Amino acid sequence: MPKPVYPGDDEGLVVVKVTVDKNGNVTAADPGARGTTIMNQKFWNEARQAALKAKFNVDESAPAFQQGTISYRFRLN
């Protein structure tokens, strides 16, 4: 799973709703799903970019598209 760039000095969770095709490619990523605790758009954009780079297993017998979520936890060091 690709890691997002840390864009600032906030911490929390960004949940991204993703749509994945049967080839394992993320075709859509919408940050701010239920469970998100950061409202900063910079964090949402970085989580979205990371989610779009994610790759899942190929499954020829799967539906054309499936939906799920990816959660990114941002922590200050």
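Strands, like helices, are taken here as DSSP runs, a strand being a run of E with at least two residues, and they are numbered from the N terminus. In that scheme T19 is found in strand β1. The model described here is predicted, and the points below take up its largest nonpolar core, the contacts of two residues, and its aromatic pairs.

**Nonpolar core**

- The largest nonpolar core holds 16 residues, and within this set V14, V16, V18, A51 and Y72 are the members that touch the most others.
- At least two residues of this core are supplied by each of four elements, namely β1 (12-21), β2 (26-31), α1 (41-52) and β3 (65-74).
- Helix α1 provides the largest share of this core, with five residues.

**Contacts of V16 and T19**

- Leaving aside residues up to four places away in sequence, V16 touches A29, D30, P31, A47, R48, A51, G68, T69, I70 and Y72.
- With the same sequence neighbours left out, T19 touches N25, V26, T27, A28, F65, Q66 and Q67.
- T19 counts as buried because its relative accessibility of 14% falls under the 20% cut-off.

**Aromatic pairs**

- Three aromatic pairs are found when the whole structure is searched, and two of them are described in the points that follow.
- Y6 and F74 make an edge-to-face pair, with 5.6 Å from centre to centre and 75° between the planes; the arrangement is called edge-to-face because the angle is over 60 degrees.
- This pair joins distant parts of the chain, since Y6 lies in the segment before β1 whereas F74 lies in strand β3, 68 residues apart.
- The burial of these partners is not alike: Y6 is partly exposed, at a relative accessible area of 32%, whereas F74 counts as buried, at 4% relative accessibility.
- F43 and F74 likewise form an edge-to-face pair, for which the centre-to-centre distance is 4.8 Å and the angle between the planes is 90°.
- Distant parts of the chain are linked by this pair as well, with F43 placed in helix α1 and F74 in strand β3, 31 residues apart.
- F43 is buried, its relative accessible area being 0%.

**Aromatic cluster**

- Y6, F43 and F74 form one aromatic cluster, in which F74 is a partner both of Y6 and of F43.

Note on methods: Residues are numbered from 1 along each chain as its sequence is written. This is a predicted model: local features need pLDDT of at least 70, side-chain atom pairs count only at pLDDT 80 or more; totals for chains, interfaces and linings use all residues. Side-chain values use heavy atoms; hydrogens and water are left out. A nonpolar core is a set of buried Ala, Val, Leu, Ile, Met, Phe, Trp, Tyr and Cys residues joined through side-chain atoms within 4.5 Å. Buried means under 20% relative accessible area, exposed over 50%, partly exposed in between (1.4 Å probe, protein chains only). Contact means heavy atoms within 4.5 Å. Rings of Phe, Tyr and Trp (its six-membered ring) pair if their centres lie within 6.5 Å; planes under 30 degrees apart count as stacked, over 60 as edge-to-face and the rest as tilted.
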